[in-house]
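Colleague: Could you pull up the model we were going to talk through? I'd like to start with the overall picture and then get down to individual side chains.

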Amino acid sequence: MRDPLLDTISNELHHTRKLLNELTMDSWKVVQENTENEAIIQKMADTNSWEYNIDKTIEELFELGEVLMKRKLKGKEYGASNQEIIDEAGDVQIRLNVLKLLLGPGAVDNRINAKLEKFKGFYEQGLYIGRI
């Protein structure tokens, strides 16, 4: 017999994954074709210390993890709202863009492209479907 609580958690996890999957690769940029926002990201990279940027990235990652966990454990009705997830995902994206600048042009993008090629191979081979 299936456990209704596990079914509920599984369904909520599926919906949360779907929400996060709706973000396209282009949405990882802070704002499309917006030089003012790009300048702000550059200024954050240039004026904050390495340690500060790392600390803020860690903080935002933990906050995103917290709202995702609340959503997973408490469900849509009592857990984190879609807006809370969106807010924290946006904060993380900003901090990741700062890190991309600090780590050098193309370094993170090269890693993303290599990883996506690996995943593409998995799909072509029919491996790990539903677990990539």
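Modeller: Here it is, and we can go from the whole chain to a helix pair and then to single residues.

Colleague: Before anything else, what kind of model is this, and how many helices and strands does the chain have?

Modeller: This is a predicted model, and its secondary structure comes to five helices and zero strands, so that the order of elements from the N terminus reads α-α-α-α-α.

Colleague: And what share of the residues is buried?

Modeller: Of the 132 residues in the chain, 21% are buried, while the chain exposes about 9800 Å², with carbon and sulfur atoms supplying 56% of that area.

Colleague: What about contacts between residues far apart in sequence, what fraction do they make up?

Modeller: Taking the contacts with a separation of 6 or more, 66% are between residues 24 or more positions apart.

Colleague: Switching to packing, at what angle do helix 2 and helix 4 meet?

Modeller: Helix 2, residues 35-47, packs against helix 4, residues 82-103, at an angle of about 60°, and their axes are 9 Å apart; the crossing of helix 2 past helix 4 is right-handed.

Colleague: Which residues make that contact?

Modeller: From helix 2 there are I41, Q42, M44 and A45, and these meet I94, R95, N97, V98, L101 and L102 of helix 4. By class, the residues in this contact are seven nonpolar, two polar and one charged.

Colleague: Okay, new topic: where does T57 sit, and is it buried or exposed?

Modeller: T57 belongs to helix 3, and it counts as buried because its relative accessible area is 6%, which is under the 20% cut-off.

Colleague: What does its side chain reach?

Modeller: The T57 side chain reaches the backbone oxygen of N53 at 2.8 Å. Beyond the neighbours within four places in sequence, T57 is in contact with R95, L96 and L99, and R95 is also among the helix 4 residues that meet helix 2.

Colleague: Then what about K56, which helix is it in, and why does it count as buried?

Modeller: K56 is found in helix 3, which spans residues 50-78, and it is classed as buried because its relative accessible area of 17% falls under 20%.

Colleague: How far is K56 from R95, in sequence and in space?

Modeller: K56 and R95 are 39 residues apart in sequence, and the C-alpha to C-alpha distance between K56 and R95 is 7.2 Å.

How values were computed. Residues numbered from 1 in each chain as written. Predicted model: local features only at pLDDT ≥ 70, side-chain atom pairs only at ≥ 80, totals over all residues. Heavy atoms only, no water. Axes fitted to C-alpha atoms, helices over the stretch in contact; angles between N-to-C directions. Helix = DSSP H or I, 4+ residues; strand = E, 2+ residues; numbered from the N terminus. Left-handed = near helix turned anticlockwise from the far one by under 90°. Contact = heavy atoms within 4.5 Å. Nonpolar A, V, L, I, M, F, W, Y, C, P; charged D, E, K, R; others polar. Buried < 20%, exposed > 50% of the residue type's maximum accessible area, 1.4 Å probe, protein only. Areas by Shrake-Rupley, 256 points an atom, 1.4 Å probe, with all protein chains shown as cover. Polar contact = N/O pair within 3.5 Å; in protein donor to acceptor, adjacent residues only side chain to side chain.
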